[in-house]
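Reader: Hi! Could you show me the structure and walk me through it?

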Amino acid sequence: MSKHVAVLMGGWSAEREISLLSGKACAAALARLGYRVTPIDVGRDIAVVLGTVKPDVALNVLHGRPGEDGTLQGILEVLAIPYTHSGVMASAVAMQKEIAKTLFRAAGVQVPEGLVVPRLEAAARHLLAPPYVIKPLAEGSSVGVFIVTPEHSHPPQELTRHDWQYGERVMVEKFIPGKELTCAVMGDRALGVIEIVPRTKFYDYDAKYAPGGSKHLLPADISSFVYQEVRRMSLAAHNALACRGVSRADFRYDDRVDGTGGLACLEVNTQPGMTQTSLVPELAAHAGVTFDELVRWMIEDASLNR
Ligand SMILES: Nc1ncnc2c1ncn2[C@@H]1O[C@H](COP(=O)(O)OP(=O)(O)O)[C@@H](O)[C@H]1O
Ligand SMILES: [Mg+2]
């Protein structure tokens with residue numbers, strides 16, 4: 001009998017809508033592949049719902065909390081439902097930019113120079129010479145990210161708001177000009193490297209998800225040496241956090257710097273987008289793996305204790 005797969009999607013994060021699109025695309029692929037499929041829009045009652053549905057495998061295509069921070073993975077472990085992507089620890093750590101950066105550095109993966117400070121300190125004065133970036137320690141989708149340029153006489157005063165929602169401490173990072181690169185890992189293998197050319201000023205929420213908001217170059221327009229280094233660092237970053245299944249690492253690359261000196265890993269996304277036009281499916285296709293084959297691979301790779 002064919003496996004019964006629950007597609008976990010939606011949720012209540014800022015990325016709910018894109019997750020629903022990922023879920024819809026994956027559910028369609030699973031149906032084409034002959035699996036029994038139950039799509040589930042994840043709510044606070046997910047443990048009860050899964051106890052009723054009793055799937056053989058959970059395909060997790062949530063973005064943001066609770067599917068990307070390890071908490072849903074904890075529920076799946078308790079319910080003994082094998083699941084896709086990273087486990088409890090890697091998911092939680094990947095979301096915590098400060099901890100993830102420490103582990104990347106220890107694994108020889110270059111990261112942007114920076115510091116972590118209370119938000120009011122970051123608001124009081126420039127802690128780095130502009131241009132620099134201020135971002136939350138645990139968000140996604142460029143939510144709460146500020147690029148402070150030499151034209152800004154003060155840091156962004158949004159940081160002082162009483163209703164500031166992105167944590168008491170923030171990350172302040174040197175702004176790395178140049179290219180935005182991304183590379184996926186599938187199991188133990190790094191795929192290719194995409195260069196994302198935004199149409200807006202920086203790679204923010206709209207540029208990521210609005211149609212025509214950004215252009216993808218695959219392969220990225222970089223030297224073959226840097227290309228291979230991005231692949232190597234993506235795999236090293238994936239392994240440094242003990243990620244599983246598919247992940248996607250984001251990089252900045254200042255191509256004015258010689259060699260790979262201008263390369264820095266921003267983060268590893270443990271729950272990358274899975275629409276037909278998302279970055280990971282595009283990288284898989286480039287490596288000869290169709291969307292349906294990618295989804296099948298995820299289901300067959302699913303397990304507990306990840
Ligand atoms: N140090 C940096 N230099 C240049 N751009 C940055 C830097 N940090 C973040 N950015 C820009 O902000 C975007 C979001 O930052 P990122 O660290 O990936 O957080 P998120 O989890 O919100 O995606 C990046 O894709 C990049 O375009
Ligand atoms: Mg990012």
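Author: Happy to. This is a predicted model, and a good place to begin is the shell around ligand 1: β5 (132-136), β7 (169-174) and β12 (263-269) each supply at least two of its residues.

Reader: Nice. How many residues surround ligand 1, and which are the closest?

Author: There are 20 residues around ligand 1, and the closest are Lys97, Lys135, Ser142, Ile176 and Glu180. Sorted by class, the shell has eight nonpolar, three polar and nine charged residues.

Reader: What does lysine 97 do with its polar side-chain atom there?

Author: A polar side-chain atom of lysine 97 sits 2.7 Å from an oxygen atom of ligand 1. On the nitrogen side, glutamate 173 places a polar side-chain atom 2.9 Å from a nitrogen atom of the ligand. Isoleucine 176 takes part through its backbone, where a polar atom is 2.8 Å from a nitrogen atom of ligand 1.

Reader: And how much of ligand 1 does the protein bury?

Author: The protein buries 99% of the 540 Å² that ligand 1 exposes when taken alone.

Reader: Which domains does that shell draw on?

Author: Domain 2 (93-111 + 176-296) and domain 3 (114-173) each give the shell at least three residues. The protein is divided into those two plus domain 1 (4-84).

Reader: How far apart are the C-alpha centres of domain 1 and domain 3?

Author: They lie 33 Å apart.

Reader: Let's switch to helices. Which residues of α4 are buried?

Author: In α4, residues 88-95, the buried ones are Ala90, Ser91, Val93, Ala94 and Met95. Their cover includes α3 (71-79), α5 (97-106) and β12. So β12 turns up twice, as it also supplies residues to the shell around ligand 1.

Reader: What about α9: which of its residues are buried, and what do they pack against?

Author: For α9 (residues 279-286), Leu279, Val280, Pro281, Leu283 and Ala284 are buried. They pack against four strands and a helix, namely β8 (179-186), β9 (189-198), β10 (214-217), β11 (246-253) and α10 (291-301). After α9 comes glycine 288, with a positive phi near 90 degrees.

Reader: Speaking of backbone geometry, where are the cis peptide bonds you'd point out?

Author: One runs from arginine 65 to proline 66, with omega near 5 degrees. Proline 66 is in the loop between β3 (57-60) and α3. Another joins leucine 218 and proline 219, with omega about 0 degrees, and proline 219 belongs to the loop between β10 and α8 (224-240).

Reader: Why do those bonds catch your eye?

Author: Because most peptide bonds are trans, and likewise most residues other than glycine have a negative phi.

Reader: Then which residues other than glycine have a positive phi?

Author: Lysine 54 is one of them, at about 50 degrees, and alanine 80 is another, near 60 degrees. Lysine 54 lies in the loop between α2 (46-53) and β3, while alanine 80 is in the loop between α3 and α4.

Reader: Are lysine 54 and alanine 80 buried or exposed?

Author: Lysine 54 counts as exposed because its relative accessibility is 61% and the cut-off is over 50%. Alanine 80 has 47%, so it is partly exposed.

Reader: Last one: where is serine 153?

Author: Serine 153 is in the loop between β6 (146-148) and β7. With a relative accessible area of 60%, serine 153 is exposed. Its C-alpha is 42 Å from that of leucine 191, which is 38 residues away along the chain.

Key. Residues are numbered from 1 along each chain as its sequence is written. Chains are lettered from A and ligands numbered from 1 in the order in which they are written. This is a predicted model: local features need pLDDT of at least 70, side-chain atom pairs count only at pLDDT 80 or more; totals for chains, interfaces and linings use all residues. Side-chain values use heavy atoms; hydrogens and water are left out. A residue is near a molecule or strand if one of its heavy atoms lies within 4 Å of it. A polar contact is a pair of N or O atoms within 3.5 Å; within protein, one must be able to donate a hydrogen and the other to accept it, and residues adjacent in sequence count only if both atoms are side-chain atoms. Accessible areas come from the Shrake-Rupley method with a 1.4 Å probe; for residues, only the protein chains shown count as cover. Ala, Val, Leu, Ile, Met, Phe, Trp, Tyr, Cys and Pro count as nonpolar, Asp, Glu, Lys and Arg as charged, and the others, Gly among them, as polar. Domain bounds come from an automatic or database domain assignment. Buried means under 20% relative accessible area, exposed over 50%, partly exposed in between (1.4 Å probe, protein chains only). Contact means heavy atoms within 4.5 Å.
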